[in-house]
Amino acid sequence: MRLSAAINSFKSSNLISWKTTGKLQQTLAGCIELSGKTLHSGKVSKVKIWPGFAGEGRYFEFHSNLIPASIDFVRESLLCTTLCKDGYKIRTVEHLLSALEAKGIDNCRIQIQSLDSEDTEVEVPFFDGSANAWVEAIEQVGRKEALDRCGNNVEKLAPHLSEPFYVSRNDSFMAAFPASKVHISCGIDFPKVPAIGCQWFSSAALDDSYEKHIACSRTFCIYEEVEHMCSMGLIKGGSLDNAIVCSATKGWLNPPLRFPDEPCRHKVLDLIGDLSLFARSGSQGFPMARVISFKGGHSLNADFVRRLSGITVQET
């Protein structure tokens, strides 16, 4: 496909221009198959990730229904990112998408199934609460140049920010500034949980540092909030094996941490997965920008991507 044709096929807000990365779109060199327990339902699900055609991007297949990994299909949900289409839901997609975005897997078909064939809702396996299992599986099978259905390669584009902008919710915010490379600075603040406190972590995120410094950071939670989350029907599959748990009075209940600032690094992992939902037709999803996030979460991340897409976001 000609570069000019690829760029013209993209529609976006005035905040974004699409430019070539100088690279060709990639896909997996083989099939990945993993299964495991899920976080919120506690059920077991199975995922098969197949190589994809260039220009078709990343998408899920559930009960023969195709759901693109796109902000257009994100629905508000607690403590995870959920894709929904035609009554079918796929939850906790963020760790898998984070690994695919960071490792440059631009096109793939993600086939997912629950052990209960009648389920209309399914979750991605949670493993140890990080993206490690996905990164290791991608490394094992490798990647290759993706070809479209006519056998042609396709230029990989990336979204470039044209001007600064921000989104906010209460005391949380995310701001982005034009830059020639991806850079993330993320902050969290838990004043009532001294073992976590206020932390900041910065990274060039989509380079080799992802695997070593971000992918292995695990989900965290506050012990005093566990009972409330359980009462809402959440974290049925949660345990000390798939999250790091911190008490406001007793500190970390299942040390050691992999990094002193592991909670903050995990927020970066989630951010990459959520912002990958801006990807279109095998492009890079994460914008070429300096992104600063403070006290963010999945809802704020989705607001950010919607604003990039030109969708009106109401600030609170």
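Student: At what angle do H2 and helix H6 (residues 262–275) pack, and how far apart are their axes?

Tutor: In this predicted model, H2 and H6 pack at an angle of about 80°, with their axes 7 Å apart. Since angles of 65 to 115 degrees count as roughly perpendicular, H2 is therefore roughly perpendicular to H6.

Student: Which residues make the contact?

Tutor: From H2 the contact draws on Glu94, His95, Leu97, Ser98 and Glu101, while H6 contributes His266, Leu269, Asp270, Ile272, Gly273 and Asp274. By class, the residues of this contact divide into 3 nonpolar, 4 polar and 4 charged. As a general idea for reading such lists, an α-helix has 3.6 residues a turn, so residues three or four places apart point the same way.

Student: How many residues of helix H2 (residues 94–102) are buried?

Tutor: Buried means under 20% relative accessible area, and 9 of the 9 residues of H2 meet that description, so the helix is largely enclosed by the rest of the structure. Among them are Glu94, His95 and Glu101, together with Leu96, Leu97 and Leu100. After H2 comes Gly104, whose phi is positive, near 75°.

Student: Turning to the sheet, in what order do its strands lie?

Tutor: The 4 strands form an open sheet in the order S7-S8-S9-S11, with mixed pairing. Strand S7 (74–75) and strand S11 (121–123) stand at the edges with a single partner strand each, so one side of each is left without a neighbour in the sheet.

Student: In which sense do S8 and S9 pair?

Tutor: Strand S8 (residues 82–85) and strand S9 (residues 88–91) pair in the antiparallel sense over 3 bridges, and Cys84 has Lys89 in S9 as its bridge partner.

Key
Residues numbered from 1 in each chain as written. Predicted model: local features only at pLDDT ≥ 70, side-chain atom pairs only at ≥ 80, totals over all residues. Heavy atoms only, no water. Pairing = 2+ DSSP bridges. Helix = DSSP H or I, 4+ residues; strand = E, 2+ residues; numbered from the N terminus. Buried < 20%, exposed > 50% of the residue type's maximum accessible area, 1.4 Å probe, protein only. Axes fitted to C-alpha atoms, helices over the stretch in contact; angles between N-to-C directions. Parallel < 35°, antiparallel > 145°, perpendicular 65-115°, else oblique. Contact = heavy atoms within 4.5 Å. Nonpolar A, V, L, I, M, F, W, Y, C, P; charged D, E, K, R; others polar.
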